[in-house]
Amino acid sequence: MAILPNFGAATFIPGAPINNPYLPLIPGHVLSYQGDETDPVTGEVTTERNDLFTTSATFEVRGVATTVIRDTVYENDLLIEDTFDWYAQDTAGNVWYFGEIVINYEYDDEGNFIGVNHDGEWSADDPGNQPGWAMKATPEFGPAYYLEHAPGIAEDESIIAETGLSIDTPFDHYDNAIKIIDSSALSTGIENKFYAPGVGEITEVALAPDGSIKTKVDLYRTGDVGAQDPDDSDDVVPELSKLHEGKAVKNLAEVRDLDADDFTGTGAAKQVTVIGGETDSADALGAYFFDAATGAISEARILFTDLSAAAPGASIAVEVPEGQTLGLFLVRGVDEIGVDLEQFTDGGLHLTNLLTGAPGSITDLFAPTVMDDEGNILPIQPLSAFGADDGTNLLNPAGSLQAIGLSSKAQEASGIEIIGFEDRLNTSPDYDGDFNDAIVAVSEAPIAATTLGHLRREAHGTERVALDDDRPGRGGGDGLDAGGWGADWFEGRNGADTFRFSATAFGADRLADFDAVEPADFAAGFDCAALDTNNDDGFAEGDPDVTVGGGVENLLASVASLGANADFFIT
């Protein structure tokens, strides 16, 4: 028979940390878990993962200011559960569990979203309910105790089974671990949970009544969000042309955050233009406004229901009211979430703070929950561009940064805000952090065709041709002589290989350097089109310096006429 911990005898100090060695809940800390589950009937294997995010938010239950833990669960990358759990530690070191808000997302056999339920939701504030121990102050053997006590809803109980364990997981090796067995009168089977000092839970094994393993989930990642960079003066803006598919953008804490002033309206329209992007997902782009003074987020809408189907350079004018700021967000995997986003192109999406029920704010300490006009919760996770701070973004699940500002080499792009989105959370095993999954621009007026062409070429991903460049520290070795760094810098962009000559004109005396260039360095049967030496796009207007069709020989014969700072594209 499990004992009910004596809540009346416990003392809590407002703001006291939860620093129990076996369950440290540190604000900003994220623990990510993953495991496979095999259906006993069909044999189908699904991968389940969850992010346990200790927020800086508090919520009062039974007169205690509890810490809010956001636990979000995915099955094969589909959102299936989202909970807000409430914990606090007493002066003796016991960690208490006070209840949870539960959202279980339901889908039919075809994958269509059909609604949510709140099974398992409870609060110690409700009559007849009592908080329980999530972790005892010290791992001592003794009788079982209630973890949660909401009769008929949540009756989990725990018992410390083993201590002093050494455990190896795919993530790490742990000493002095403990094993706790959880069970419930409301369900069959048990869960063996293993905790390591200074970490928390590291492994969980769910057993069926016959002792067979139903699921095994392991910790695979730890991270921290909300870390402050004391000096933003040295922050950088990555160049659009330097994004590489699959190559992570480094030092995100040093990337300049988007400036809200650049997106604040004056009552006129702003143009949102699709520049490009490379991803294996069907992603949507949405928008909302937030009050520049209060941060309150308004009704949201979907601008592009599927960016992969958007026409090149597709643009939408968005009227931004005076005093409001335009916020953009990405929705990943619109072909998998089971919701038709076409119904929200005129609005009808409400980003809500689920703890308070109020509209979300860019100052919230966790990501909003999305509802429709009738207050129905939807399985949509907006990946916001705004809210970023020093490499994190509390408006996104688990505080993951999902967008960065970018710069362009084109002088005519001055005043255009360019945003690169990453469509996977940084807690996902498939995260690559390249921030080129969707690239959009925000401008005061429609972007000129010449400028748009330049931006699109810059956005089309970059792969180095098998020639190095002579920039300092790059090693050299291709046999191309001198001429200043950048003189033999070759880049490729999805079938448009860019040759950029800087510092000096590319004279005929340099043609000998190109004897090392072979047709095999390029796609067979390429055609060439040139740009003006002033970087205007020769495709749209003006007389190009060179137009070449055919093979490398014509390229070598004609490229000498390109002037300094000219761009030459192989299409």
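Two strands are taken to pair if DSSP finds at least two bridges between them. With that rule in hand, the tour of this predicted model can begin at strand β5 and its neighbours. In strand β7, the bridge partner of G99 is S123. This contact belongs to an antiparallel pairing of β5 with β7 (residues 122–123), made over two bridges.

Strand β5 covers residues 95–107, and twelve of its 13 residues are buried, leaving the strand mostly covered. A helpful point to keep in mind when looking along such an element is that side chains in a regular strand alternate between the two faces of the sheet. Besides β7, several other strands pair with β5, and each is worth a visit in turn.

The pairing with strand β4 (residues 78–89) is antiparallel and consists of nine bridges. Within this pairing, T83 finds its bridge partner in V102 of β5. The turn of the β4 and β5 hairpin holds five residues between the strands, and here G93 adopts a positive phi near 105 degrees.

On leaving β5, the chain forms another hairpin, this time with β6, again with five residues between the strands; G111 takes a positive phi near 90 degrees in this hairpin. Strand β6 (residues 113–117) and β5 are antiparallel and share four bridges. In this pairing, Y105 stands opposite V116 of β6. Strand β8 (residues 130–135) also pairs with β5 in the antiparallel sense, through three bridges. There, V95 has M135 of β8 as its bridge partner.

Charged side chains offer a second way into the structure. Twelve salt bridges are counted in the model. One of them joins R70 to D82, with the closest N and O atoms 2.7 Å apart. This pair links distant parts of the chain, since R70 lies in strand β3 (residues 64–75) and D82 in strand β4, twelve residues apart. Are the two partners buried or exposed? R70 has a relative accessibility of 8% and so counts as buried. D82 is likewise buried, because its relative accessible area is 3%, and buried means under 20%.

A salt bridge with another setting is found between the side chains of E239 and K242, at 3.7 Å from N to O. E239 has a relative accessible area of 30% and is therefore partly exposed. K242, at 33% relative accessibility, also counts as partly exposed. The cut-offs explain both labels, because partly exposed residues fall between the 20% limit for buried and the 50% limit for exposed.

The salt bridge between R424 and D430 brings together residues from two of these classes. Its closest N and O atoms are 3.8 Å apart. R424 is buried, with a relative accessible area of 13%, whereas D430 is partly exposed, with a relative accessible area of 47%. Both residues also take part in a network of salt bridges that links R49, D51, D77, R424 and D430.

One member of that network, D51, leads on to S32. The side chains of S32 and D51 are joined by a polar contact of 2.8 Å. S32 is found in strand β1 (residues 29–38) and counts as buried because its relative accessibility is 0%. Which residues surround S32, leaving aside those up to four places away in sequence? S32 touches N50, D51, D218, L219, Y220, R221 and T427. F53 offers a further point of reference: S32 and F53 are 21 residues apart in sequence, and their C-alpha atoms are 8.6 Å apart in space.

A final stop is E148, which lies in strand β10 (residues 148–149). E148 is buried yet has no salt bridge. The nearest side chain of opposite charge belongs to K193 and is 8.0 Å away; this leaves the pair without a salt bridge because the nitrogen and carboxyl oxygen must come within 4 Å. The side chain of E148 does, however, make a polar contact of 2.9 Å with the side chain of W122. Not counting residues up to four places away in sequence, E148 touches Y97, E100, W122, Q130, A154, E155 and D156. This list leads back to the opening strands, as W122 falls within the range of β7 (residues 122–123) and Q130 within that of β8 (residues 130–135).

Definitions and conventions: Residues numbered from 1 in each chain as written. Predicted model: local features only at pLDDT ≥ 70, side-chain atom pairs only at ≥ 80, totals over all residues. Heavy atoms only, no water. Buried < 20%, exposed > 50% of the residue type's maximum accessible area, 1.4 Å probe, protein only. Contact = heavy atoms within 4.5 Å. Polar contact = N/O pair within 3.5 Å; in protein donor to acceptor, adjacent residues only side chain to side chain. Lys, Arg positive; Asp, Glu negative; His and termini not counted.
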